[in-house]
Amino acid sequence: MIIYYSLTGHTKKVALKIAEKTEDKLYEVQLDKPYQNNPLVVARFTKEKALGVIPAAHKITIDDYVIYLGYPMWGMDMSLAMQGFLTANDLSGKIIKPFITSGTSTLKMSLKTLKKLAPDAIIDANFDPDML
């Protein structure tokens with residue numbers, strides 16, 4: 001299963017490429033109060049980050065053992081939207097293959113958050129979508 005959050009379409013593009021190669025089903029993270037792709041998103045993100053607010057995301061049934069988890073990097077960490085998804089959904093016992101989109105950040109910058117929010121999952125930090 002490929003689970004991703006994409007505000008601008010960059011992460012979705014990578015998720016679709018993975019789906020072409022793996023034939024896994026796609027799920028786009030849904031928030032109770034979605035972000036809007038406009039200049040106000042930066043103000044909302046900044047306020048939520050400063051206050052420690054994680055947006056509520058929908059809970060889903062996850063039967064797959066291997067999860068490709070895609071998210072943009074915001075403020076040098078995993079997007080708050082994906083943090084909300086991981087807060088709402090238990091990935092214990094799953095293998096997570098994370099992938100990110102960012103102009104400047106690296107996956108490594110988000111691994112601490114990923115391990116905190118999915119402590120009982122196996123994280124494949126060496127996954128590279130281009131190597132599929």
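## A loop glycine and the fold around it

Gly-93 sits in the loop between H3 and S5. The model is predicted. Gly-93 counts as partly exposed, because its relative accessibility is 37%. Which residues does Gly-93 contact, leaving aside its neighbours within four places in sequence? They are Tyr-65, Asp-120 and Ala-121. Gly-93 is also 6.8 Å from Ile-122, C-alpha to C-alpha. In sequence, Gly-93 and Ile-122 are 29 residues apart.

### The chain as a whole

The chain has four helices and six strands. Read from the N terminus, their order is β-α-β-α-β-β-α-β-α-β. The C-alpha trace spans about 35 × 25 × 25 Å along its principal axes. The radius of gyration is 14 Å, which agrees with the value near 14 Å for a compact globule of 132 residues.

Contacts reach far along the sequence. Take those with a separation of 6 or more: 78% of them join residues 24 or more positions apart. Of the 132 residues, 46% are buried. The accessible surface comes to about 7,400 Å². Carbon and sulfur atoms make up 54% of that surface. The chain carries 16 positive and 14 negative charges, and the mean positions of the two sets lie 7 Å apart.

### Two nonpolar cores

In soluble globular proteins, nonpolar side chains tend to be buried together. Here the largest nonpolar core holds 32 residues. Which of its members touch the most others? They are Ile-3, Met-82 and Phe-85. Several elements give two or more residues to this core: helices H2 (40–51), H3 (80–88) and H4 (111–117), along with strands S3 (66–74) and S5 (95–101). A second core, separate from this one, has eight residues, among them Ile-2, Tyr-4, Ala-15 and Ala-19.

Ile-3 shows how the large core is joined up. Beyond its neighbours within four places in sequence, Ile-3 contacts Tyr-27, Val-29, Ile-60, Ile-62 and Ile-67, among others. Its contacts also include Tyr-68, Leu-69 and Gly-70. Met-82 and Phe-85 are in contact with Ile-3 too.

### A helix largely enclosed

Why does H3 count as largely enclosed by the rest of the structure? Seven of its nine residues are buried. These are Leu-80, Ala-81, Met-82, Gln-83, Gly-84, Phe-85 and Leu-86. Their cover includes strands S1 (2–4), S2 (26–28), S3 and S4 (77–78). Helices H2 and H4 also help to cover the buried residues of H3.

### Two positive phi angles

Most residues other than glycine have a negative phi. Glu-23 has a positive one, although it is not a glycine. Met-76, another residue other than glycine, also has a positive phi. Each lies in a loop: Glu-23 between helix H1 (10–22) and S2, Met-76 between S3 and S4.

| Residue | Phi | Relative accessibility |
|---|---|---|
| Glu-23 | about 65° | 72% |
| Met-76 | near 65° | 55% |

Are these two residues buried or exposed? Glu-23 counts as exposed, since exposed means over 50% relative accessible area. Met-76 is exposed as well.

Terms used:
Residues numbered from 1 in each chain as written. Predicted model: local features only at pLDDT ≥ 70, side-chain atom pairs only at ≥ 80, totals over all residues. Heavy atoms only, no water. Rg over C-alpha atoms; globule rule 2.2 N^0.38 Å. Buried < 20%, exposed > 50% of the residue type's maximum accessible area, 1.4 Å probe, protein only. Contact = heavy atoms within 4.5 Å. Areas by Shrake-Rupley, 256 points an atom, 1.4 Å probe, with all protein chains shown as cover. Lys, Arg positive; Asp, Glu negative; His and termini not counted. Charge placed at Lys NZ, Arg CZ, Asp CG, Glu CD. Core = buried A, V, L, I, M, F, W, Y, C linked by side-chain atoms within 4.5 Å.
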